[in-house]
Amino acid sequence: MLEKIINFIGDAKNAKTNRIIFYIILVVVFASDFFVDREHAHYIWDKIPGWGAFYGFISCVLIIVVSKFLGHQGKLMKKEDYYD
Amino acid sequence: MTESFFHPAILFIAGAFLIPLLWGKVQKVYLLIIPAIAFLVCIGASQGTYGVYHFLGNEIIIAKVDKLSLVFSYVFTIMAFIGMMYGLHVKDAGQHVSAYLYIGGALGVTFAGDYFTLFLFWEIMAFSSAYLVFAQRESAAVKAGFRYILVHIAGGVLLLGGIILHYAETGSILFGPIEHSGSLAFYCIMTGFILNAAVPPLHAWLADAYPEATVTGAVFMCAFTTKTAVYVLVRAFPGTEILVWLGVIMALYGVVYAVLENDCRRLLAYHIVSQVGYMVAGVGMGTYMTLNGSVSHAFSHILYKALLFMGAGAVIQMTGKRKLTELGGLYRTMPVTLTLYMIGGFAISAFPLFSGFVSKSMVVAGAAADHRPIVALLLTMASAGTFLHTGLKLPYYMFFGKDSGLRPKEPPMNMLIAMGIAAFLCIAIGVVPGQLYRVLPYPVHFEPYTGDHVTSALGILMFTALGFFLLLKKLDPEPTISADTDWFYRKGALVFMWFARKPVGAWEGFITEITNTAIMPFIYAVARIGFWIDKNIVDKAVNGIAGIIMSLSAGVRRVQSGQLQHYAVGMVLGIMVIIFIFSMIVRG
């Protein structure tokens, strides 16, 4: 069962189906945030529906871009024999 | 005190010496049974103070048992069992011995009631864990092991210095909350502790050594050193403001380096830095909620991080490769390992129903409740980064992605069972957090499963995944290593060696040359003159004086003739001389 699911996900033939399932999950997650009780929210952004999705996406992009910038332009990334 | 307490560290430290004497199945059973007994001992332990001695006028407390030390002892003994199960196939008894000593050291620190005991076990941990790196027996591992032990010795010296200063100031070596005086003792002890917690810039030993350790050794290492450091920080430094910001920096620092990393275990090591950041920040905020958060997050972290290291270790064990650029497509033949790894990945990423969700959110919610919006936002951002790497990047490039052509089998059964136990606990804590909350040091008033918390957590994670797939090309691993703060002592050592070889060596040659051409002839000439003076003047003078004394003595000997009239003449002459001198003086 588990093996079947994993093989389905891994197989390149099913890439399109995987993508559709993924987008459906995104829509469901995003939509569900509009239907929950926000009485305990501490800050203004916690009261905005969809904030988590927005902040997660922005965080992800920011982390990748900033890290790669530091790695390449900031010269953090070195050849593997750098210390030899 | 009617209660008695059997210190579980004794089981491991004394028990370690029996391991080489046992073999085959007996040894395997023994390796598993000691952690099981230790766990039961900890579960049954009653709170109190045990092993109080007076030593050089100071009170020594070998074991102080309270809720805080107990919760760490539970997870340490559980982890000892899982780690031993994972390493059961290893034939190298030395590794088992050092793992036992290491676990014993961690338990010793956990129960230590005074700094003397704490320091002793602290050092046992440093040395026994270093062997787990050396045991890999490759040149890179041996070098990394030496750097590891040197860094930990430096940290130990700072800690010891702090303890001595603290004793000089307060007259006590009892281990407890340290007054926030900002004294040198305060900073020395804190630096010693945060070095082991891998707080930047003192963290590079972790990302340096852990990936070089043996497959099974790394599993123990990722569980004990940083978490005992979290424990001592919770005990001694709650509410230290600087730790809040160090923790936030850690959480993001690890995430940034993990993007650049190609070595699978080094990527996971950077995520230890990131995750311990939450715990350190929780200690810094110092409210009951954040301290509980730090402890519970340490508890779940030990289990899911060990699971992740076990998963990556299983791949290394079966393929002999550890770089993401060389791996890929393993889902075909290692689906069980992939599934178990992903449970760890979901747990560290704080997916609802997994352990990270109920522990990490305590720290973040604690920050919000403590009116620290920036801290809460930055820690949430780090959370997205965690899923990005350990939940998406690593498994994607290891198990899916480009097919490397490798078709490894699943790892040995004992490794799968160990991973299974850890995975089970990761889910159990996430589904039924009440049991974990009951053993936390402070009363818990926290409900992780509220509607908005679940949906916003899922939103953060799933849209992180969207970002990942959109930027997938940018994330392709590159065959590089990343310069970190270990650059300073690795390149620093090269500068030192260059300095020793070049300027110091050249200077030494110059001095030798001058000595040979100018100074030595001069010294020889002086020596020759000295020899001539010695021979012709000093010797002659000595001989002359000796001759004079000898002839004088001969004369004196003649005076003592034994004949009365000679003595009478002598007396008369003497008296005359005295009278003469006397009259001269009186006249004068």
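This report covers the interface between chain A and chain B of a predicted model, followed by two local features of chain B.

**Interface of chain A and chain B**

The contact involves 45 residues of chain A and 58 residues of chain B. About 4,600 Å² is buried between the two chains, and carbon and sulfur atoms supply 74% of that area. On the chain A side, Tyr55(A), Glu80(A) and Tyr83(A) lose the most area to chain B, together 16% of what that side buries.

Two salt bridges are counted between the chains. In one salt bridge, the side chain of Lys68(A) meets that of Glu478(B) at 2.6 Å, N to O. Residue pairs in polar contact across the interface number 13, with both residues at pLDDT 80 or more. Among the elements of chain A that touch chain B, H3(A) gives the largest share, 17 residues. The chain A side divides by residue class as follows.

| Class | Residues of chain A touching chain B |
|---|---|
| Nonpolar | 26 residues |
| Polar | ten residues |
| Charged | nine residues |

**Thr339(B)**

Thr339(B) sits in helix H13 (residues 335–348) of chain B. A polar atom of the Thr339(B) side chain lies 2.7 Å from the backbone oxygen of Pro335(B). Beyond its neighbours within four places in sequence, Thr339(B) is in contact with Leu2(A) and Ile6(A).

**Helices H7(B) and H9(B)**

Helix H7 (residues 184–196) and helix H9 (residues 215–236) of chain B have axes that come within 7 Å and cross at roughly 145°. The crossing is left-handed. Phe193(B), Ile194(B) and Asn196(B) of H7(B) meet residues of H9(B) including Thr225(B), Ala229(B) and Leu233(B). The residues of this contact comprise six nonpolar, three polar and no charged.

Definitions and conventions: Residues numbered from 1 in each chain as written. Chains lettered and ligands numbered in written order. Predicted model: local features only at pLDDT ≥ 70, side-chain atom pairs only at ≥ 80, totals over all residues. Heavy atoms only, no water. Axes fitted to C-alpha atoms, helices over the stretch in contact; angles between N-to-C directions. Helix = DSSP H or I, 4+ residues; strand = E, 2+ residues; numbered from the N terminus. Left-handed = near helix turned anticlockwise from the far one by under 90°. Contact = heavy atoms within 4.5 Å. Nonpolar A, V, L, I, M, F, W, Y, C, P; charged D, E, K, R; others polar. Polar contact = N/O pair within 3.5 Å; in protein donor to acceptor, adjacent residues only side chain to side chain. Buried area = accessible area lost by both parts, 1.4 Å probe. Salt bridge = Lys/Arg side-chain N within 4 Å of Asp/Glu carboxyl O.
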